[in-house]
Every structure is written in C-alpha cells, then in structure tokens.
Number of protein chains: 2
Amino acid sequence: MSGQSGYGSSAAAISDLRSHFGDRVLQSAAVRDHHGHDESGWESMPPDAVIYARSSDEVSRIVRVCAHHRVPVIAFGTGTAIEGHVQALHGGICIDLSEMNRILRVSTEDLDCTVEAGVTRLQLDRHLRDTGLFFPIDPGADASLGGMAATRASGTNAVRYGTMRENVLSLRVVLADGRVLDTGTRARKSSAGYDLTRLFVGSEGTLGIITEVTLRLYGRQEAVSAAVCSFAGVEQAVETVIATIQMGIPVARIELLDGLQMQAINRYAKLDYPEVPHLFLEFHGSESGVREQAQTVQEIAREHGGHDFQWATREEERSRLWHARHNAYPAALQLRPGSRPVTTDVCVPISRLAECIRETRRDIERASMPIPMVGHVGDGNFHLLMLPDPDDPAQLEEAEEINRRLVRRALAMDGTCTGEHGVGMGKIGFLEEENPQGVEVMRQLKQTLDPAGILNPGKVLREG
Amino acid sequence: MSGQSGYGSSAAAISDLRSHFGDRVLQSAAVRDHHGHDESGWESMPPDAVIYARSSDEVSRIVRVCAHHRVPVIAFGTGTAIEGHVQALHGGICIDLSEMNRILRVSTEDLDCTVEAGVTRLQLDRHLRDTGLFFPIDPGADASLGGMAATRASGTNAVRYGTMRENVLSLRVVLADGRVLDTGTRARKSSAGYDLTRLFVGSEGTLGIITEVTLRLYGRQEAVSAAVCSFAGVEQAVETVIATIQMGIPVARIELLDGLQMQAINRYAKLDYPEVPHLFLEFHGSESGVREQAQTVQEIAREHGGHDFQWATREEERSRLWHARHNAYPAALQLRPGSRPVTTDVCVPISRLAECIRETRRDIERASMPIPMVGHVGDGNFHLLMLPDPDDPAQLEEAEEINRRLVRRALAMDGTCTGEHGVGMGKIGFLEEENPQGVEVMRQLKQTLDPAGILNPGKVLREG
C-alpha cells in the first residue's frame, strides 16, 4: 500500500470501495501486475486495486472515494500505450474501462456514433461493417476508443482523415472531484465557449477520465485500392512521399518501412518482400478518382526510383498487406528476443522530413543494436524501435542517447517530441524542452482541474 | 473613466502607458466609439483608450500595465463580430491589432503560413494568389485572422475544410499576466501534452490575446465550379443538402438563402434572381472529380424539385456569385433601414436540420418584422437576421423571443446555441442552458488563466 508523496491511504479507499463494489475490488497480484504496465519497456508498477467499472456513474463513485482519500486513480483501456501511460507510480486505484464496451448509438444520417470508452477500434469496425460507414483512426493496436481519445491517437489514416483531435465530436468525462461532464453536443461545429472536448483529448487521464466518446464517421468509399512499392534507399521513398503530399494528392495512407523492418515483417508473418525500404499506400475515392490518384503517385514513385508497384484491390489482399503493417511492432520485437524495447516517435514539417530521417539514419547505422524504422510519413511522423540488451547499461544509455538526439533534431526543425505516442512518463522532459512556457500553462490547467493530483500522477507533467 | 466591479483606474493605467507609448495612446471620442462596438445591434461601449499595437512585445507590455492596475483589456481586430464581442463594459484599454498585419512566412512545401493577428482574410488571399495555395476559411466579412481564431470562425467552406478549430496549427498568445506563449509547433500532428492551441481558439479574447496565427493552407484545386439552383420551398432545398451530405459528396460550399434573402440581394446588388429559396454550390477537385460531384448533386436537386441549375465555371462569374452571397448581411439590413439587427445562428445534427428549419419558418411566418434566413446548411448551421423597429419595445422583445425559441429548439435537437458567431455578450445565457456543467469548467479555466478578470470581461461567461 502506498502513501508516498502526500497521497492518502489506499487501504482506507479500498475499504470504502468494498462497501459498494464488494468483491469487484480486485487485488490479486496477477490482476494488479497486468494493470501496472503498457506495451513499452517500462517496468510494471501495479496499482493497489483494480475495478472494472460498468458506467460513468460507477467511475464517478470510484473517483469520489479516491478524491476523499486523496488516492491516485488511473484509467486503463487496453494497455497498448507505449510511453508508460498506466503505471501506478504511487499505487492507488486502477479503473479498467474494458467492460464499458457498449456501442450506444450509430447514426447513418449524421455520420456519427457514441460509444463507451472501452469499445475497441476493431469492435467498432465490425459493428459498422453493414452500415456503409467506417471510423478511420487506426493506431495499429486494437486500442480502446477512450484510450485513443486520451492519447490523441492517430496512425495510418491520419494523413487524410486527421487524428482523434479532429474526429472526436464530444466526450463524457469524469472530473477529479467526481463531476460528470459532457464536453459538447452532436453539432458538427460550434462556437459556444471554450473547446472542452479538445482540452481532454490528449490529456492522458490526467485531467479527467473519459467514459464515453462521440465520434465522426465516414461513408465507406466507392473504391479502395492499396499498393506496395520498394525503393533502393529510404531517401527516395521519403522524396516520393513529400512530392505526393505537396501535390495535394488525397492519399489515405502512405507508410514508410525501412529494410530492417521489412526483414522483421517477413520473418514474423512468413512473407517474402524484398528487404529494402518500402512504401505501403492506400487510395480512397470514386473508381476514377482512385485511378487518377494511384497513377499520379506511381509516376512520382517511378521518378524517384521506386519499382515493383504491387496492387491489392481486393479486400482480402489489402487486409493481408495492412495486417503486415500493423504487426510491425511485434514483428520488430522479434528481431532481438529478450531485448528491452525503447520506442519513440517524432513529427516534423514535411519540408524537413528528408533531412530529419537522413540524419537519424546516420545514428541508426552507427548503433550497436537493431533499430527498425517505420513512419506515417505523409504527416511528417516516424518511429524508431530501439532494441538494447536490458542487461547492458551502456546499450540502454546508447538507446536513450539516440532518442534524445532524435527528439532534439525534431525540435530544432520546428517539430514535436511526439507525433502520436503521447508523453506518458517517457517524454516529460522532452515536452519541457519543446515548450517550457506551454508546460507552465499545462501545470496551471492540471492544478485547476485536479488540485490534489490524484489523476494518473507522474504522467505528462513532472510531479511536485 | 471606469472603476466599477472591482476594476482599477484606467486613468492610472493610461498614464503609465503614455510614458511608453506617448501619443499612440488614443482617447478621441471617435476612435473610442469606433472600438466600442462590432457589427451587431449592441450599443457602443467605448474603451477609455485605444492603442494600435505593433508587436507581441507591445501587446505584452500593455497587458502587463493593465494587469498591474487591474484594468480591462480588449483585443480588437476588424470589429466585424456580431454577438457583442468588443464592447468595453467596464471601460479599459482596447488593443487594436490591425497594424500587426505582416505575413511572416508562407511555406509552399509545408502548406502552411504564419501571420500576425491583424492580417485579414482577403489580404492573405491576395498574398497567396501566385503561390498555388489558398486558405479556405471564409466567414463572409473581411475579418482578421486573429479575430477569426478567437471566435472559432467558419463560414461557407467549412463543410469541406473544417473551421478555424481544424485549420490553426499554432498560436502566439499574450496571457493575462503578460507572458508570451507559443501554443504549438509546425508539426501537422502532435501528442505532446494538452492542446493549448484549441484552448485559445474560440476563447474570444477572454483567456489571452492572440498575436500570431500559424495556419494550414491547401493547394488550389485543379478545377472549381459553382452553381445556383432554385427551389419552390426551403424544405426541398434542405432535403437536397441533407441527401448530398449523407452521400458523402465532398461539396466545398452548399449555402441556403431563402426567398426574402434573395429579394434583399437582388435589390442590394441589382441582380435578378427569382425571389425563391436558392442553394449556392461550389465543387473543388480534379476536372473529372468536379464533373462527377456536380452531376450527382444536380440529380439529387432535380429529385427534390430543384430547377434552373446555373453554372459558373469562370472565376469572374464565380466571384460575382459569391460576392452576392457575401453581401447577404448588408443586403438584408437594407430590407428595413433604421431597424436594429438581431442576428443569431444555431447548428444541429443534419438529421434534424429539416425539422429545425421547418419549425423555425413557422415563427418567421408569424413574425411582425422581416427575417431573412441564410445557412451553411451542409454543416447543419443556419442564421436568422431579425429586423425589429428599435423604437418598438414589443418588436424588440418579439425578436428576442424568436431567438430564444430557435436556440432552445436547436438545443433540444442536440445542437449548439451558436455554430459560428460565438458567445460574446449575446449568448452567455444560452451557453449556460446548453451546458451548465461545461460553464462551471470554463469558469475554472478563466479563473486560472485570468484571475483578475481583466481580459475582455463580460464576454463568454457571466461576470461575478
């Protein structure tokens, strides 16, 4: 049981919670450990207890008890974050939202839906299959939509459809004192006061706990076509992307995978792509529109030395292709079993992307560990996955140094320290480097909405 | 000089400001009166002095002096707001930003630009003419981009390109204590902490003063084509819009004008449209894409009884058409010279739009004054302009009652009390009706960022 850093007694809170939730207050080591970590290399820091909440009212009740006892409270979706987002640094109560998984409403007329926070991306996708609609935000993992809102997720389709920032219409949020807030209406646009929705999108459970999400949906496209194209070097692939974006081609997905990442995918999924840099592309639109887009991009790629443009127009082929892309992370982990993954992402203006990647590749080439690279390069966003030996302090430090150099390189190019992974525990210092004045204002906001600091402490902002 | 409501002495602040700004501290009645009102029917409430600021540092200096003396400070762009946004309820200092009108940077590679807050929409448009880029947000008036960010403006193109919410990448803001804050980087997306940019977009000068704006730009479309189409009734026009949006056609503009508004435009601009409801449309895309879109919409319109589809493909014709639409407001005012305009807008989910407009038209038909209607109906957003006799209290109350009924109708349909005009003084009570819990949180944010309440007091939130 924790009581450090001015927090109260979890034991007292748990006792109060038991009087309402009975044996739904879970304290087994297995459950606690499962909720003490995400998919990053950060060690597990288990909460003192876990409750699977079933409604916003239950979340509110738990938060009120935690507020009363001044005990940390951490929201948990699917645990697929990768910057240390759910670790219980000071113990406390974890609210698992995965049983809040009802799709409350889908409107084909308004192209929107409301879901409980625990609904996952693929669950929504299956539910929408027969409606002619789809939700485009796809961070790879089958994350919960509440978690995706909380971390301002984006992923492969963001280049065309935006991120969770653009696609959340409204949220239901439980505040640090237990108040339940609806941040907006179902109107497509509004000038009615401060943008409370965007205040909570990306706040990583530190300003409130998201319990319901109202999302924009899109009509399924008449035509979808996907392709892969290989390049002799990463630079030619990146130049292809830049030219495509600058020409304003509304490509739906344009993903870079370097040769090492392709090797990882081949091994993991038993495929036989050439182990050189690739772009994975997808085009959405009318039959003729898709044809037009695809032809233009194919020409651009050819000018930059791209070859082997392989098309996948049938849904099954496309699924296989994107399945390979989605498995980039687990595939890459297998490049060095037993290593401790250090993952990072940055995002820069696209005019600086080639330069940023070129300089980063120099670090990768000099590194003593495997470092595959993938990127949502249409947004100027790319990721490294460093795989140091966990028992080799020098290699762990080397990974940190490569990360530091990457982030500082991106910041110097007017980019950001994280395009989509979020701050969690991993990027608190880098956020301070990116915007020290901004962090001051963020601290003021945190202090106002969570004066006792009980909501996911130690994430986004440094404690104390 | 004002000193009500706990504010300090403007005289003392002015004296301090003179020591730095000399005779740039303007106090003539004409200048003060000009800065005491926007284009709404709200009476002028002049500030005690006006300074045309030339830099963020100057704005910071003025705000620091005002903070020291606890004197209100009000940002002024072009004065084209219409909900009472700039009135100096308690006197104080007005900072006019119109001389901060430099376009600081345009990147054709990154499709973005940075401008000072006083740059107007048309100034930017002219500047971009030769770059192949354009900025789509168009609220009609030649507003300043700082003002447009501050009121979360949208207008005719929002159905396709979004509002200022989606198109501001980053802001420079002077806070209530004089701190200068950059809210973001030039990266297209970021998960680096709380969304400070969106916190200030739409805050109407009450949380900070926007001094620079970084905007997304778009490549000019290969083909643009516009059309007008008339309908026997508003309902058929609205049904056409709903079907168009629900089919996912990426129409760039789809505007409704009722028969009375068409009459006003005809008189004002010496045109001869039939004085029945019209849709004004614009399509953007490739040659073939525009043709496809236009054909589909034309068929939908025909099914709903639309006729006289008149095309304007040459830029000159299009300009004339949109010029007529942009003059809807001044044209409507001329329907009853000497009346006091009471303008309002709401936004509802598109599935409720026909019903909302049908019920509203019943009020319009019963009204004792002219009430033209226009709408950015693709977003579910429409406006009424009521023209009561300012000397007839019963008619003024009637206008208020029609407004009240409209807003409550929209709220009951899960819509918002203002789609794009903002809250200003006019919709404070309606914002409270829309989201009482939200207003509590907004008050907390205001209290944190402007504890002395000096920034544009009496706007967005009720005082005290």
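Is Ser98(A) buried, exposed or partly exposed? Ser98(A) has 19 other C-beta atoms within 10 Å, and because a residue counts as buried at 20 or more, it is partly exposed.

## The model and its confidence

This structure is a predicted model. The predictor assigns the complex an ipTM of 0.96 and a pTM of 0.96. For chain A, the average pLDDT is 95, and 99% of the residues score at least 70.

## The surroundings of Ser98(A)

In chain A, strand E3 (93-96) and strand E4 (103-107) are joined by a loop, and Ser98(A) lies in this loop. Beyond its neighbours within four places in sequence, Ser98(A) is in contact with Tyr52(A), Gly77(A), Thr78(A), Gly118(A) and Ser144(A). The C-alpha atom of Ser98(A) is also 8.0 Å from that of Ala53(A), although 45 residues separate the two along the chain.

## An annotated domain

An unreviewed UniProt entry places the feature "domain: FAD-binding PCMH-type" at residues 43-220 of chain A. Over residues 43-220, chain A is 23% helix and 25% strand. The C-alpha atoms at the two ends of this stretch are 41 Å apart.

## Helix H3 of chain B

Helix H3 of chain B covers residues 56-69. With 14 residues at 1.5 Å a residue, H3(B) should span 20 Å, and the distance of 20 Å between its end C-alpha atoms agrees with this.

The buried residues of H3(B) are Ser56(B), Glu58(B), Val59(B), Ile62(B), Val63(B), Val65(B), Cys66(B), Ala67(B) and His69(B). Arg70(B), just after H3(B), takes a positive phi of about 55°.

## How the two chains are related

Two copies of a chain are related by a rotation about an axis and a shift along it. Here, chain B is superposed on chain A by a rotation of 180° with 0.0 Å of shift along the axis, and the RMSD is 0.0 Å. The two copies are therefore related as by a two-fold rotation axis.

## The interface

Chain A and chain B each bring 69 residues to the contact. On the side of chain B that touches chain A, the elements giving two or more residues include helix H7 (164-167), strand E8 (180-182), helix H11 (287-303) and helix H17 (436-449) of chain B. H17(B) gives the most to this side, with eight residues. By class, the side of chain B that touches chain A holds 21 nonpolar, 31 polar and 17 charged residues.

Of the interface residues of chain B, 100% are also interface residues in chain A, so the copies meet through the same surface.

How values were computed:
Residues are numbered from 1 along each chain as its sequence is written. Chains are lettered from A and ligands numbered from 1 in the order in which they are written. This is a predicted model: local features need pLDDT of at least 70, side-chain atom pairs count only at pLDDT 80 or more; totals for chains, interfaces and linings use all residues. UniProt positions are given in the numbering used here, feature names are shortened, and annotations may be inferred rather than shown by experiment. Helices (H or I, at least four residues) and strands (E, at least two) are DSSP runs, numbered from the N terminus. Copies are superposed by least squares on the C-alpha atoms of residues with pLDDT of at least 70 in both. Two residues are in contact if their C-beta atoms, placed from the backbone, lie within 7 Å. Ala, Val, Leu, Ile, Met, Phe, Trp, Tyr, Cys and Pro count as nonpolar, Asp, Glu, Lys and Arg as charged, and the others, Gly among them, as polar. pLDDT is the predictor's confidence in each residue, from 0 to 100. The expected span of a helix is 1.5 Å times one less than its number of residues. A residue is buried if 20 or more other C-beta atoms lie within 10 Å of its own, exposed if 12 or fewer, and partly exposed in between; C-beta atoms are placed from the backbone.
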